[in-house]
Amino acid sequence: MNIPDLENEQLEFWRRSHVFERTMSEREDRPRFVFYEGPPTANGKPGTHHVIARAFKDLFPRFKTMRGYYVLRKGGWDTHGLPVEIEVEKELGLKDKKEIEAYGIAPFNEKCRQSVFRYINEWEKFSERMAYWVSLDDAYVTFTNEYIESVWWLLRQLWDKKLLYKGKRVVPYCARCGTPLSSHEVAQGYKDVKDPSVFVRFPLRDEPGTYFLVWTTTPWTLPGNVALAVGRDVDYVLIEGPTEDGGVERLILAEALLSYALKNRDAYRVLDRFKGSTLTGKHYSPLFTFLPVEQDYAYVVEGDFVSTEEGSGIVHIAPAFGQDDMQVGKKYGLPVLETVLPNGAFIDAVRPWRGMWVKDADAEIIKDLQGRGLMYRVTLYEHSYPFCWRCNSPLLYYARDTWFVATTEYRDRLIALNQTINWVPSHIRDGRFGNWLEDLKDWALGRERYWGTPLPIWRCDNPECGHMLCVSSVDELSRLSGFDQSNLDLHRPYVDEVHWACRECNGHGTMYRVPELIDVWFDSGSMPAAQWGYPHRNQEMFKEQYPADYICEAVDQTRGWFYSLHAISGLVFDSVAYKNVISLGHILDENGLKMSKSRPETFVEPWQVFNKYGGDAFRWYMYTSGPPGEPRRFSLDLVGEVVTKFWLTLWNTYSFFVTYANLEGWSPEQPAPPVAARDPLDRWVLSELHGLVREVTAALEAYDAPGAARPIQSFVDQLSNWYVRLSRRRFWKSEDSGSAYATLYEVLTTLAHLLAPMMPFMAEMLYRNLVAGVKPGAPDSVHLAAWPEVNEGLIDRELMDGMALAQRLVSLGRAARESVNLRVRQPLLEAAFALRSASERESIGRLSDLIADELNVRKVTILDGAGDVVAYALNPLPAKLGRKFGKDFPRVQKALREGAPEDVARWARTLLAGQSVTVTLDGQDYEALPEEVEVQQRAAEGYALAEDAGYLAALNITLSEDLVLEGLAREVVRRIQTMRRDADFEISDRIVVTYQGSKRVVKAIKAHMDYVSGETLADALLSSEPGQDAFSQSFTIDEEDVVLSVRRVVP
RNA sequence: GGGAUCGUAGCUCAGUUGGUUAGAGCACUCGCCUGAUAAGCGAGAGGUCACAAGUUCGAGUCUUGUCGGUCCCA
């Protein structure tokens, strides 16, 4: 069985017959189901973490197509942004922005443009191989003018709503990349690192020898210090203790942090205690005075962010380097000391460390303060700190002029819209995503980079004027500039060259574009409109394909694409962008670490899996291996397990069906017997099948992939290991074979449909071999076929329960055989079972033949409390009686369980007779109904027993000569069958068998002549020496010797 | 520090509104069965359901806290 070959055949068929295209072209008049492709970047190879995303993306569009919807599957590529630039920088050996500009923006961007499709072929092959159906031919590409123009239009809508603004904000800033990062970029780069943790003495200006004890983990921000913040209601203390050089000093800090902050708590004594509010306004002597300051500063202010969890309860304030700091600084009118250059080096005015990378300066600053006796204590501190998600440099919090989208103005609306979205898993809605919206910050939009969508804002360079406008289309740009710009590349540097005389100040100034690009997440979040070039083009398509019914990406997109789609959609269209969304957990490698292209050593090559186990098994693993939102570990072996436990099981069932249907000449055109007239096993499997259709349909409608896939898996297990195994002989030697074939045919073809969205290859193979070209009018591909309908009339709950019980009893019977070492081939006289209720007795009655067959016993009986039964036990059911008796339950339970044997026996008989019993405890009567108490029975001696949860199997193990002979005959049959196989006979070959052996064996064969020859397709059973050309073997069965031979009969 | 989520057998996972003795599969051992099967069946072994307290007649399940993993925020 070569799985990849089989799958490649289907791929070939899909290509040849344009099946994917036809899922759309044949359904143009059908209702729309809208799917959005979250655009990947094609500048890296696809990996296993893309398999999970694409497996889930593919599932629901296939399902909805079969449900009769038209599902357009437009692909997309994300092509802009820092990741692309960084790749190109590496390639060209450029180290920073200066070098890029020296190289030239035009050639640099050209390189970027070329690099983004570097691996596009790999992506195409990969997508096809895993059967991810998406139109890559007309995929949207974010760098095209059409796309950018749409993004411009969206920005203009924000501009008109006055939602775009420029402001000085402390932003997470990457000095290496020279750009601020949006909060959702920052979110991707937190790492645990060790930073210096320093406690610094800030001398009080008016009280020599007294210091504020101040804590910080960023010493490099100290030259920017302009104030100290305390909590108004926090308790502070003035303490006195020794200095290093034997003197005495006084320190002020929060009382709650005495132990945390002090080197030796016991060496200090508390002089005074007061609230933070009494400290405000007190001045201290600044540690550094590199920059001139005109206004009053270096005093204590109040800050509501001051915590007493760690540090000293006194926070150093540097407005240029902290968001809280900036806010407080504005409130008090404090100066902003910008001591650091945009490249992360100190300015010249910071003389001792000028030009030094600030993080490197930490140690120098510490040394300087130590030298001046101002450093109280230095340790290391492990905390989580943000790093640039691409270049891995530590981010600085840094005051920048930058552009923002005022998303906070629409916060409530975005929250309300989110409530209407169906999130899978559901907790994301009010958890991770909901919290994000609650804490919404304005979207830092500007990027001071090169390869991306230019911010379409032009500004007059006349400082007196400063007029600004936002351009929404190329046409508009042509009108404004007075030149036809329709051939303009909208990227830098070309777009920067478009300028015109300002009309607001009568041409005193010139309108130039602002230098910024926009956040690349705005690109991808614009795709509902921009993939169509809306509104400049395709207005109808946009309306038809908005919003999406379904999107799916990994959980890291919560603050990425999920958010950018939601925000843009909410702000511009006042609508959700998607109605249903699956947020997938990450694929972890075998060590439990996230697989990602930034860590090549963890990257698992998907082709390994495709080539060994195939796309179906790969996909199936993703659907069944756990809740989609949870992280999951991945290994090749886990996919291998799918193959042996599911794929091959199904394949073998199919192969069994085809083998014998061909052999017996059965075809689907033959009229099928009415279901009601079929064997109970047929009715059972059809009942299970339609229950399965119902369950799978409901699960997929609810976007629950494991809820759909897992039941299919257990069904196939039952189909193969119960239905087929027990029905086997009906397929080749019974007048009932028509029922069996019709039943298995319906099961397999229905399964093909149910599997199609998840295992598209196997489903197609089954369908093409069993349905297409066989059933008149059937589509040629399962992926063009209609989803199965449930036939509720075939679902028989009682039969299913009965069968489940029968399986349980068979298990128990086998356990009983095991206990006395009696192999199943040895027939026994009787199996007796004790059940838990009267209704079970009824439902099992009709299946007793089947149980007898499986256990190889001549008779199945149900123990009814009389005769063989020697002991009883009662088990009051907590689920029922607990509720009924409440806190009295344990006493009643005890009474029933541990009563005197004769009482228990009386009660048991009463209950088995269907009547209730009453126990009296402390003068109170407690009545228990038969269904509230389980009666357990133990069987008599002479039986082999097995018991489980109230069920009991008792096998009569007395062996008569008759039974022994029958057992021997079965042993002989089994040996002959094995010999047939070893001799490489076809399963339909007729044979001649010879035998010679002990008297008993000969007697057994003679007594069961018809049985032996029937089972082994023997035309003759001869008591003679093996013929010359016969395949012969000798055996010892239970101390009886026999020589057997088989010879093929040539017809 | 805060939030979300998870923690059940060596591994991967189920476990319904709280209710009998917590279940599968993989892997291991022994045995059985086999006229489709890379299979199947039975038995053995493997669990303080992360830990603690609480609510309750009863907690894997609910509450609170602690610890650990993952992700996110600061």
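1. P535 sits in the loop that runs between α18 (527-530) and α19 (539-544). The bond leading into this proline deserves a look: Y534 and P535 are joined by a cis peptide bond, with omega at about 0°. Bear in mind that this is a predicted model.

2. The loop between α18 and α19 also holds N538. N538 is not a glycine, yet its phi is positive, at about 50°. Is N538 buried, partly exposed or exposed? Its relative accessibility is 40%, so N538 counts as partly exposed. The band for that class lies between under 20% for buried and over 50% for exposed.

3. A cis peptide bond also runs from R492 to P493, with omega near 0°. Where is P493 placed? It lies in the loop that links α16 (474-481) to β20 (500-501). When checking the backbone here, start at R492 and follow the bond into P493.

4. H18 has a positive phi as well. The angle is about 50°, and H18 is not a glycine. The residue is in the loop between α1 (3-17) and α2 (19-25). H18 counts as partly exposed because its relative accessibility is 45%.

5. Helix α8 covers residues 145-160, which makes 16 residues. From first C-alpha to last it reaches 22 Å. That is close to the 22 Å expected at 1.5 Å a residue.

6. Which residues of α8 are buried? One run goes Y147, I148, E149, S150, V151, W152, W153, L154 and L155; L158 and W159 complete the set. Note that E149 and S150 are in this buried group, alongside the tryptophans W152, W153 and W159.

7. Look next at the residue K162, just after α8. K162 takes a positive phi of about 60°.

8. On the surface, a negative patch is formed by four residues: E21, E124, D137 and D138. Membership in such a patch requires over 30% relative accessible area and no salt bridge. D138 has its place in strand β2, residues 135-141. With 42% relative accessibility, D138 counts as partly exposed, because that class falls between the buried and exposed limits.

9. Points to check by eye follow. For the cis bonds, view Y534 to P535 and R492 to P493. For positive phi, view H18, N538 and K162. For the negative patch, begin at D138 in β2, then find its partners E21, E124 and D137.

How values were computed:
Residues are numbered from 1 along each chain as its sequence is written. Chains are lettered from A and ligands numbered from 1 in the order in which they are written. This is a predicted model: local features need pLDDT of at least 70, side-chain atom pairs count only at pLDDT 80 or more; totals for chains, interfaces and linings use all residues. Side-chain values use heavy atoms; hydrogens and water are left out. Patches are made of residues with over 30% relative accessible area and no salt bridge: like charges are joined within 9 Å, nonpolar side chains (Val, Leu, Ile, Met, Phe, Trp, Tyr) within 5 Å. Accessible areas come from the Shrake-Rupley method with a 1.4 Å probe; for residues, only the protein chains shown count as cover. A salt bridge is a side-chain nitrogen of Lys or Arg within 4 Å of a carboxyl oxygen of Asp or Glu. Lys and Arg count as positive and Asp and Glu as negative; His and the chain ends are not counted. The place of a charge is taken as NZ of Lys, CZ of Arg, CG of Asp or CD of Glu. Helices (H or I, at least four residues) and strands (E, at least two) are DSSP runs, numbered from the N terminus. Buried means under 20% relative accessible area, exposed over 50%, partly exposed in between (1.4 Å probe, protein chains only). The expected span of a helix is 1.5 Å times one less than its number of residues.
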